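Trainee: Got a minute to go through a structure with me? I'd like to get a feel for it before lunch.
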Amino acid sequence: MIIKKGDALPVVMGSISWWFNGGDSDVTMIFLGESSRSYNPGQFDYFFLTGAAGLLGGFSTEFISKIYGFNKSDAQKLTKSQPNAVIAIIDAEIKMPNQPNCKTENYVVSLETLIPNSNGCAEMTADNYPSLDRIGLSAGLKRLEAGSVSDPCYTTDGSHRIIYVLKGSGRVQIVGLNGALALDTDVNEGHVFVVPRYFAAAELADENGMDFFYVSTSPRPVMEQLAGITSPFKALSSSVLQSALNVSPEFVELLKTKLI
């Protein structure tokens, strides 16, 4: 398939994939995932078929010869010809595939086209992409215009969020259990931060605005907000809020007018 800037696609664990830049400019791809089931938990373990880090190269020439029916020379050619480990420069005479063999829209989501030019959010969960159930992850793209702030949100299903700043800059605050401020820092394009389970995070864009891509460690994350129309404050009765916040009835009514 052919992908373009702003596209997102899920890759099922154990799948074999290759990525080729057939254009005339550099391409940056962001790989985000969940690594608790890695051989080294917390780290990404790479499974390469070919190249210096390929699995075939670890087998002896004798084994490769018998497995593939090669002579010794061809067995070494199969496992040792590619010296590069991850990225290789393609020879000009090699014609790489340039036409998709499937419907790209069945596998790729252009998140950028799903949100407006100003504030907005687009999500890719198993509710609309069932294949994510096999992966165990979901993703989304959030856009904040200059000076905008996102409502503090948190997950109630025990999932974590990994957030990558695509462009722009701003500030992020993350509050943990017992109301402790866990993080308060400026973020810029290329920065990554993690929101642990049950922690609440809010982002404030500066004059450049901010776009960020995030991955959740659940295919169907359950997100709640502390502000806005879905805030629990809106559902609670005024008397309960008055007692819990220790404020006047007038302030409770003022608060509720802000939950829009």
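Mentor: Sure, let's take confidence, then a helix pair, the cores and a couple of backbone angles.

Trainee: What is the mean pLDDT of the protein?

Mentor: This is a predicted model, and its mean pLDDT is 89, with 99% of residues at 70 or more.

Trainee: Where is confidence lowest, and where is it highest?

Mentor: Strand β2 (residues 109-110) is at the bottom with a mean of 80, while strand β7 (residues 181-188) tops the list at 96.

Trainee: OK, helices. At roughly what angle do the axes of α1 and α2 cross?

Mentor: Roughly 100°, and the axes come within 9 Å. Helix α1 covers residues 61-68 and helix α2 covers 72-80. An angle from 65 to 115 degrees counts as roughly perpendicular, so that label fits α1 and α2.

Trainee: Which residues meet there?

Mentor: From α1 you have Thr61, Ile64, Ser65 and Tyr68, and they meet Lys72, Ala75, Gln76, Leu78 and Thr79 of α2. That contact splits into four nonpolar residues, four polar and one charged.

Trainee: Is Ser65 buried or exposed?

Mentor: Ser65 is buried, because its relative accessible area is 14% and the cut-off for buried is under 20%. Setting aside neighbours within four places in sequence, Ser65 touches Phe70, Asn71, Lys72 and Ala75.

Trainee: Switching topic: how many residues are in the largest nonpolar core?

Mentor: It has 15, and those with the most contacts inside it include Ala8, Leu111, Met124 and Phe213. Strands β3 (120-124), β4 (138-144) and β9 (200-216), plus helix α3 (132-135), each supply at least two of its residues.

Trainee: And what is Phe213 in contact with?

Mentor: Beyond its neighbours within four places in sequence, its contacts include Ala8, Leu32, Leu111, Gly140, Ile162 and Tyr164. There's also a second, separate core of 14 residues, with Leu144, Phe193, Phe199 and Met210 among them.

Trainee: Last thing, the backbone. What is phi of Tyr198 near?

Mentor: Near 70°, a positive value in a residue that isn't glycine. Most residues other than glycine have a negative phi. Tyr198 sits in the loop between β8 (192-195) and β9, and at 45% relative accessibility it counts as partly exposed.

Trainee: What about Asn246, where does that one lie?

Mentor: In the loop between α5 (238-245) and α6 (249-258). Phi of Asn246 is positive too, near 60°, and Asn246 counts as exposed at 70% relative accessibility.

Methods:
Residues are numbered from 1 along each chain as its sequence is written. This is a predicted model: local features need pLDDT of at least 70, side-chain atom pairs count only at pLDDT 80 or more; totals for chains, interfaces and linings use all residues. Side-chain values use heavy atoms; hydrogens and water are left out. Axes are lines fitted to C-alpha atoms, for helices over the stretch in contact, and angles run from 0 to 180 degrees between N-to-C directions. Helices (H or I, at least four residues) and strands (E, at least two) are DSSP runs, numbered from the N terminus. Angles under 35 degrees count as roughly parallel, over 145 as roughly antiparallel, 65 to 115 as roughly perpendicular and the rest as oblique. Contact means heavy atoms within 4.5 Å. Ala, Val, Leu, Ile, Met, Phe, Trp, Tyr, Cys and Pro count as nonpolar, Asp, Glu, Lys and Arg as charged, and the others, Gly among them, as polar. A nonpolar core is a set of buried Ala, Val, Leu, Ile, Met, Phe, Trp, Tyr and Cys residues joined through side-chain atoms within 4.5 Å. Buried means under 20% relative accessible area, exposed over 50%, partly exposed in between (1.4 Å probe, protein chains only). pLDDT is the predictor's confidence in each residue, from 0 to 100.
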